[in-house]
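Work through the following exercises with the sequence and the coordinates side by side. Each task is followed by a solution that proceeds step by step.

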Amino acid sequence: MKPTYLLLVAALLPACNGSAGDTTADSSSATNITGVTASGVTTTTEATGASETAGPTTDGSGGVSESDSETPTTAAPPTSTSTTAEPTTDEPGTTTTATNTSTTATDTTGESGTTDVLEELCPCPDLEVPLDDGIFVLSKTAQLWKYFPEGNNFELLGPADCGLAPSTFSMGVDREGFAWVQYSDMQLRKIDVTDTSNCSDPGFVPLQNGIENFGMAFVSNSAIDKCDRIYGNHYNGVANGDMVSEFFSVDPDTLALVPHGLSDYGLAEVTGTGDGRAFLFAGPDPSQLVEVDKATGATLEVIPLPGVKTGGGFAFAFFGGDFYFFTDKESDSTSEVTHLDYDDSDGNGVQDLKVVVEDAPLRIVGAGVSTCAPLIPQ
């Protein structure tokens with residue numbers, strides 16, 4: 001019998017609103033609101049008044065918006081290893097093929113020998129307000145809420161009080177538990193989802209490359225590299241056309257805009273997925289779901305969304321294999337929630353489009369899902 005080589009292989013896994021001139025009043029400012037569903041609100045409420053603006057015009061002249069934790073360390077520096085082996089034969093007619101893979105590991109040497117410890121990049125933190133069970137949504141009046149797709153209910157987390165005029169435009173949520181909120185005056189702030197009073201200025205400089213407000217979302221680098229960054233699409237008022245808007249990312253270290261190319265939609269929000277894909281919710285009407293090439297902004301696929309009217313504010317997000325669209329189609333300071341069964345989880349061969357909430361208790365202009373959220377239904 002020929003010897004069999006055992007391989008120890010360590011694999012490293014590796015919106016919108018904010019339009020000027022909108023005068024519709026919003027009465028969604030409240031505290032202690034939980035369990036808001038399509039059929040009504042179960043709440044203990046202390047309401048305060050707030051005003052919002054109404055949304056876009058079909059000619060594009062109006063504004064519409066939405067949208068590392070600690071790493072294990074050792075005394076020795078990480079070393080990159082690669083293991084390759086030829087097929088070996090245990091018995092006649094039986095072949096074992098080794099896998100070629102590479103990893104980054106840290107050697108920890110003790111009395112019992114050497115152990116490889118994998119170094120996880122951009123891990124997801126364990127927070128009091130989880131990142132993986134719902135969609136964070138932002139009201140026009142700078143309130144942070146959470147929407148739970150399983151029960152189609154909403155929970156108020158608190159006001160995004162950053163000392164700025166409470167008029168917001170779009171939002172994205174990172175892997176560390178911060179909502180990055182863009183205000184209508186183009187300022188960007190980081191808000192802790194577990195304590196919305198914890199607001200900080202990350203140092204983003206507005207009007208880089210002439211870009212004003214933009215749809216935004218965090219998108220993972222790839223299916224195996226979960227580290228993420230903001231991707232944006234310039235909201236320039238041109239509904240659609242050949243390369244009419246700028247598609248870009250934001251460098252996570254310098255917060256400088258990095259141009260990627262031109263997109264065909266200038267009235268669009270952005271969402272991303274944990275496996276590294278980028279999508280636009282483009283309006284105004286008829287609206288469309290557009291997958292874009294993350295490297296260039298070029299259109300890859302378009303899915304029409306019949307009956308989904310963006311109205312006075314819109315946003316969207318990807319969660320558990322599906323898309324959720326938030327639209328103030330009646331411009332009445334409440335939002336409708338529409339679910340697209342993108343992965344055909346019911347197996348009927350159709351990507352069903354269905355309204356699941358008629359009147360959410362806020363005008364939603366931003367939605368964000370951390371890339372820590374599941375890619376498939378749980």
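**Aromatic contacts**

One aromatic cluster is formed by Phe279, Phe281, Phe314, Phe316, Phe318, Phe323, Phe325 and Tyr342. The model is a predicted one, in which local features need pLDDT of at least 70 and side-chain atom pairs count only at pLDDT 80 or more, whereas totals for chains, interfaces and linings use all residues. Residues are numbered from 1 along each chain as its sequence is written, and side-chain values use heavy atoms, with hydrogens and water left out.

**Exercise 1.** Classify the ring pair of Tyr147 and Tyr324, and locate both residues.

Solution. Rings of Phe, Tyr and Trp (its six-membered ring) pair if their centres lie within 6.5 Å, and planes under 30 degrees apart count as stacked, over 60 as edge-to-face and the rest as tilted. A search of the whole structure gives 18 aromatic pairs. For Tyr147 and Tyr324 the centres are 5.9 Å apart and the planes stand at 65 degrees, so the pair is edge-to-face. Tyr147 belongs to strand β11 (residues 143-148) and Tyr324 to strand β26, 177 residues apart, where strands (E, at least two residues) are DSSP runs numbered from the N terminus. Both Tyr147 and Tyr324 are buried, a term that means under 20% relative accessible area, with exposed over 50% and partly exposed in between (1.4 Å probe, protein chains only).

**Exercise 2.** Determine how the rings of Tyr147 and Phe326 are arranged.

Solution. Their centres lie 5.6 Å apart with the planes at 85 degrees, so this pair is edge-to-face. Tyr147 in strand β11 is thereby paired with Phe326 in strand β26, 179 residues apart, and both residues are buried.

**Salt bridges**

**Exercise 3.** Examine the salt bridge between Arg189 and Asp201, and state for each partner whether it is buried or partly exposed.

Solution. A salt bridge is a side-chain nitrogen of Lys or Arg within 4 Å of a carboxyl oxygen of Asp or Glu, and the whole structure holds 5 of them. In the bridge between Arg189 and Asp201 the closest N and O atoms are 3.5 Å apart. Arg189 lies in strand β15 (residues 188-192), while Asp201 lies in the loop between β16 (195-200) and β17 (214-220), 12 residues apart. Arg189 is buried at a relative accessible area of 12%, whereas Asp201, at 49%, is partly exposed.

**Exercise 4.** Establish which parts of the chain are tied together by Arg363 and Asp328.

Solution. The side chains of Arg363 and Asp328 meet in a salt bridge (2.7 Å, N to O). Arg363 is in the loop between β28 (353-360) and β29 (364-368) and Asp328 in the loop between β26 (322-327) and β27 (335-340), so the pair ties together parts 35 residues apart in sequence. Both Arg363 and Asp328 are buried.

Notes. Helix = DSSP H or I, 4+ residues; strand = E, 2+ residues; numbered from the N terminus.
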